[in-house]
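Trainee: Could we go through this one together? I would like to learn how the descriptive words are earned.
Mentor: Happy to. Let us look at it first.

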Amino acid sequence: MPFIPHTKQDVAEMLASIGAASIDELFDEIPAELRCAGLPGVPEGLSEMAVTRLMHGRAAQDGFWSSFIGAGAYEHHIPAAIWQIVTRGEFYSAYTPYQAEASQGTLQLLYEYQSMMAGLTAMEVSNASLYDGASALGEAILMAVRAHKGEVKRVLVASTLHPRYRAVARSIVANQGIELVELPYCPERGHTRTEDLDPLAAQAAALVIPQPNFFGILEPVDPLTDWAHAHGMLAIAVVNPMSLALLKPPGQWGRAGADICVGDGQPLGIPLSSGGPYFGFMTTRQSLVRQMPGRIVGRTVDMDGRPGFTLTLQAREQHIRRSKATSNICTNQGLLVTAATIYLALMGPQGLKEVALTAHARTRALVERLCALPGVKRAFAGAYFHESVLRLPTNTEEVMRALRAQGILGGHPLARDYPELADAILVCATETKTDDDLADYAQKLERILSRRREAPPCAYKS
Amino acid sequence: MMNIPADLKYTNTHEWVRLESDGTVSVGITHHAQDLLGDMVFVENPTVGRQLAQHEECAVVESVKAASDVYAPVAGEVVAVNDAVEAAPESLNKAPYENWMFRLRPTDPTQLDGLLDAEAYRALVSAESH
């Protein structure tokens, strides 16, 4: 759909009406040195036909892979009904409406979303979403520091948390003088242990616990949550929402439950689409609701007692509190939340459980097949959800490249983020993978590995 | 008519201050402040023991319309907070001068002399409303 905001004539009429001779004159209050002379590197506009052709070409570069990479973004089947409904005109906007209360349908959908997320995580309240999982963690850390009245500016983070989440959180909180301390993990089992944490128990505002962690391994969330509370910290849970169909929800971790729960909503009906956009979610306890960033939709009754929906707890938002707002996030990922809400409604608790169970079973089957090959073995003994770290007997980058040449994205090499796992890859299989897909992967990997055993690559050719 | 008791001190950020017999000062928000903010829904007090600089942000009062900072009228240590106003924020609307929020032990009692008296505060409020 072409979108042309105003014609030359519109512009001329508007300038005439306000008494400016030209656009340049309109902006002449802005000193010349602050104005951007041009946009080097940004090409001239293209026609619709040319853009369509360009984008089809770019899309084709994505290729058609059999992907066994998870590492934070997961390939799940998305029922066709979801995006059919999401793209209806009534829903087709990323924004909560500016005249929010006039859009009862949108508010009701967000209210349903909040109710589902609160239920899934067993927490008392949910906001209407954040940008993505990693920035939601940044917000959770700021929230934990606020909950300590800003007096404790130190937060402990498991190093088994997704490396990009740690980087994003650091970018967000570093300028506020908040220190993130990374925790060691058990090299045998691949998770955090409370006994390793005691030397670090000096004052901190929160402990960040991923579940499952970046290695796919389940963290001992009950003792970790209790340990955090025993040391005056909040427990921040970073979870894959799909896993909660099987695992204990954060609201039930330990004796008192986690205090803040965040994660990325991508597994719930959002396509991989080269890395985004996705959406972040955040749920918490009632007692922390005033420290929670973002919008919250509430259900109420109007003057005549009829039920309706409204934005609530806005007093700490940007349009009222300005620079002192709980967050600079003034909008959210409404469109993706719409998709997730429809996904959850379509699947239901049982459907979600079946998807999660199938993904777990497929990953187990994959791990079994791959570990039957000589030299391939699991790096960690801990229980896992739908991802696993496998050590390979030869250079992981080369093996991944050889698999890619045969149409398979074999896994995510860990060397860059975990030097001690330089010989390891992170693999994932969801319900989208059939037994044939698993067999195909195992067979191709076997051929690649056996060729390398017979003729190890000598010098680097080329 | 604006209620501004003659026996209290005031700040230009709309806190009232009462010197107690034990040398501490009680701090609350004025009738004018609660009138501007509207129905109170939440009060967040400082922690007891915290050292405050004069004019430091130390508490938040939240109404249905806005959340607003409360500033320390003088430097000092927080020696008590009024849990009753946290439990019933609407008490700040009903009786703003009976319901103090927190008490400070002033570091420098002469700072009290620099605060506004009732007459000066009345002039400030009437200037702001024109």
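**From values to words**

Mentor: Let us start with Arg122(B), which sits in helix 4 (residues 118–128) of chain B. Keep in mind that this is a predicted model.

Trainee: Why does Arg122(B) count as partly exposed?

Mentor: Arg122(B) has 16 C-beta neighbours inside 10 Å. Buried would need 20 or more, and exposed 12 or fewer. The value of 16 falls in between, so Arg122(B) is partly exposed.

Trainee: Which residues is Arg122(B) in contact with, leaving aside its neighbours within four places in sequence?

Mentor: Those are Met2(B) and Ile4(B). As for Asn3(B), its C-alpha lies 9.2 Å from that of Arg122(B), although 119 residues separate the two in sequence.

Trainee: On to chain A. How do helix 12 (residues 396–405) and helix 13 (residues 435–454) of chain A cross?

Mentor: Their axes come within 10 Å, at an angle of roughly 130°.

Trainee: What makes helix 12 of chain A oblique to helix 13 of chain A?

Mentor: Roughly perpendicular covers 65 to 115 degrees, and roughly antiparallel starts over 145. The angle of roughly 130° fits neither, so helix 12 of chain A is oblique to helix 13 of chain A.

Trainee: Which residues meet there?

Mentor: From helix 12 of chain A come Val399(A), Ala402(A) and Leu403(A), and from helix 13 of chain A come Lys444(A), Leu445(A) and Ile448(A). By class, this contact has five nonpolar residues, no polar ones and one charged. Lys counts as charged, so Lys444(A) is that one.

Note on methods. Residues are numbered from 1 along each chain as its sequence is written. Chains are lettered from A and ligands numbered from 1 in the order in which they are written. This is a predicted model: local features need pLDDT of at least 70, side-chain atom pairs count only at pLDDT 80 or more; totals for chains, interfaces and linings use all residues. Axes are lines fitted to C-alpha atoms, for helices over the stretch in contact, and angles run from 0 to 180 degrees between N-to-C directions. Helices (H or I, at least four residues) and strands (E, at least two) are DSSP runs, numbered from the N terminus. Angles under 35 degrees count as roughly parallel, over 145 as roughly antiparallel, 65 to 115 as roughly perpendicular and the rest as oblique. Two residues are in contact if their C-beta atoms, placed from the backbone, lie within 7 Å.
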